[in-house]
Amino acid sequence: MAKENHSLTTEFILIGFTDHPVLKSLLFLVFFAIYLITMMGNLGLVALIFMERRLHTPMYIFLGNLAVMDSCCSCAITPKMLENFFSEDRVISLNECMVQFYFLCLAETADCFLLAAMAYDRYVAICSPLQYHTRMSKKLCVQMTIGTFIASNLHSMIHVGLLLRLTFCRSNQIDHFFCDILPLYRLSCTDPYLNELMIYIFSMPIQIFTIATVLISYICIIFTVFKMKSKEGRGKAFSTCASHFLSVLIFYICLLMYIRPFEKGDKDIPVAIFYTIVIPLLNPFIYSLRNKEVINVLKKIMRNHIHK
């Protein structure tokens, strides 16, 4: 019976936000604007880092990859959500569902590793400035980036593979605007205990390692900065970390809300909006508007275009 139901359930219905016509149109315009700004901000930052040689440093290479992952997250979620505002059936196939979750998991796992790598980069730059080019060599930077994408891909494939073992013989309506893992567990006729166990086995070590890397890096940075005699030096050191620290703080607050116990809650959609839509929007502006190097490069490009 389970096999029969599993073979019949080849598509889901995404309930989304609302059926009110005026509110749907308003939400469509808001999320469409956010999507355009997100893509322009992240891809613009990637292009800027690629074109400007002075930005070819470990910090900006990690930042460029973070922007790529944020674009990936936005592309996985937002287009289908926008389509469903005016779709009568709001259907998503099982394969589309798995692909959507795969890219979301890939992006969020990569973000964890990249934010940790950026924290370590700031630690070396502030605590061991004379050894920076040795300890943060291009070779290490490339290895860390490749390692991030390998680990993130493996992590995503494991969870997608485990999702495919589930059978869905209950309602095919997902009370969400995308295929998130918790709503899928609630629709499953198969006990998702193994899936939940694997989340703790594979995801918790990633979270512990990356959070510990960030915390240890910033504790060392704080001790080093307070040992500095110059107020100007302290201010400069803190300013180089401000953007990264703000981004980490927002990311992990949302992450901790997202990985709460596996139970139905009213916070599913609001947290998911912030996690999958707002954070990819904010990151490029947090790093650009508070970063003198990026602002100076933008001014240089604008001056060159004006003179032409």
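Let me begin with Ser230, which lies in the loop between helices H8 and H9. Please bear in mind throughout that this is a predicted model. With a relative accessible area of 37%, Ser230 is partly exposed. Its C-alpha atom is separated by 42 Å from that of Cys72, and the two residues are 158 apart along the chain.

From there I turn to Asp70, whose place is in helix H3. Is Asp70 buried or exposed? Its relative accessible area is 2%, so Asp70 is buried. Leaving aside residues up to four places away in sequence, Asp70 touches Asn42, Asp111, Pro280 and Asn283.

One of those contacts, Asn42, brings us to helix H2, where Asn42 is among the buried residues. Helix H2 covers residues 21-51. Its 31 residues should span 45 Å at 1.5 Å a residue, and the end C-alpha atoms are 44 Å apart, which agrees. The buried residues of H2 also include Lys24, Leu27, Phe31, Ile34, Tyr35 and Thr38. On spacings of this kind, a general remark may help: an α-helix has 3.6 residues a turn, so residues three or four places apart point the same way.

Next, the aromatic residues. How many aromatic pairs does a search of the whole structure find? The search finds 14. I shall describe two of them. In the pair formed by Phe31 and Phe85, the ring centres are 6.3 Å apart and the planes stand at 15°; because planes under 30 degrees apart count as stacked, this pair is stacked. Phe31 belongs to helix H2, whereas Phe85 sits in the loop between H3 and strand E2 (91-93), so the pair ties together parts that are 54 residues apart in sequence. Phe31 has 7% relative accessibility and counts as buried. Phe85, at 4%, counts as buried as well.

The second pair is Tyr218 with Phe245. Here the ring centres are 5.4 Å apart and the planes are at 65°, so the pair is edge-to-face. Tyr218 lies in helix H8 and Phe245 in helix H9 (residues 231-258), so parts that are 27 residues apart in sequence are tied together. Tyr218 is buried, with a relative accessible area of 9%, while Phe245 counts as partly exposed at 41%.

Phe31 and Phe85 also belong to one aromatic cluster, together with Phe17, Phe28, Phe32, Phe86, Phe177 and Phe178.

That cluster leads to the cavities. The structure holds two cavities of 30 Å³ or more, and the largest contains about 90 Å³ of space. Which residues line the largest cavity? They are Leu14, Ile15, Gly16, Phe17, Thr18, Lys24, Met81, Asn84, Phe85, Arg90 and Phe177. By type, this lining divides into six nonpolar, three polar and two charged residues. Phe17, Phe85 and Phe177 in the lining are thus familiar from the aromatic cluster, and Lys24 from the buried residues of helix H2.

I close with helix H6, residues 138-163. It has 26 residues and reaches 38 Å from its first C-alpha to its last, close to the 38 Å expected at 1.5 Å a residue. Its buried residues include Cys141, Thr145, Thr148, Ser152, His155, Ser156 and His159. Among the elements covering the buried residues of H6 are helices H3 (58-84), H4 (94-127), H7 (181-187) and H8 (193-227). Helix H3 is the one that holds Asp70, and helix H8 is the one that holds Tyr218.

How values were computed: Residues are numbered from 1 along each chain as its sequence is written. This is a predicted model: local features need pLDDT of at least 70, side-chain atom pairs count only at pLDDT 80 or more; totals for chains, interfaces and linings use all residues. Side-chain values use heavy atoms; hydrogens and water are left out. Helices (H or I, at least four residues) and strands (E, at least two) are DSSP runs, numbered from the N terminus. The expected span of a helix is 1.5 Å times one less than its number of residues. Buried means under 20% relative accessible area, exposed over 50%, partly exposed in between (1.4 Å probe, protein chains only). Contact means heavy atoms within 4.5 Å. Rings of Phe, Tyr and Trp (its six-membered ring) pair if their centres lie within 6.5 Å; planes under 30 degrees apart count as stacked, over 60 as edge-to-face and the rest as tilted. On a 1 Å grid over the protein atoms alone, a cavity is a set of points where a 1.4 Å probe fits but cannot get out, and a pocket is an open set with protein on both sides within 12 Å along at least five of seven lines; lining residues have an atom within 4 Å of a point. Grid points are joined across faces, edges and corners, and a volume is the space filled by probe spheres set on the points. Ala, Val, Leu, Ile, Met, Phe, Trp, Tyr, Cys and Pro count as nonpolar, Asp, Glu, Lys and Arg as charged, and the others, Gly among them, as polar.
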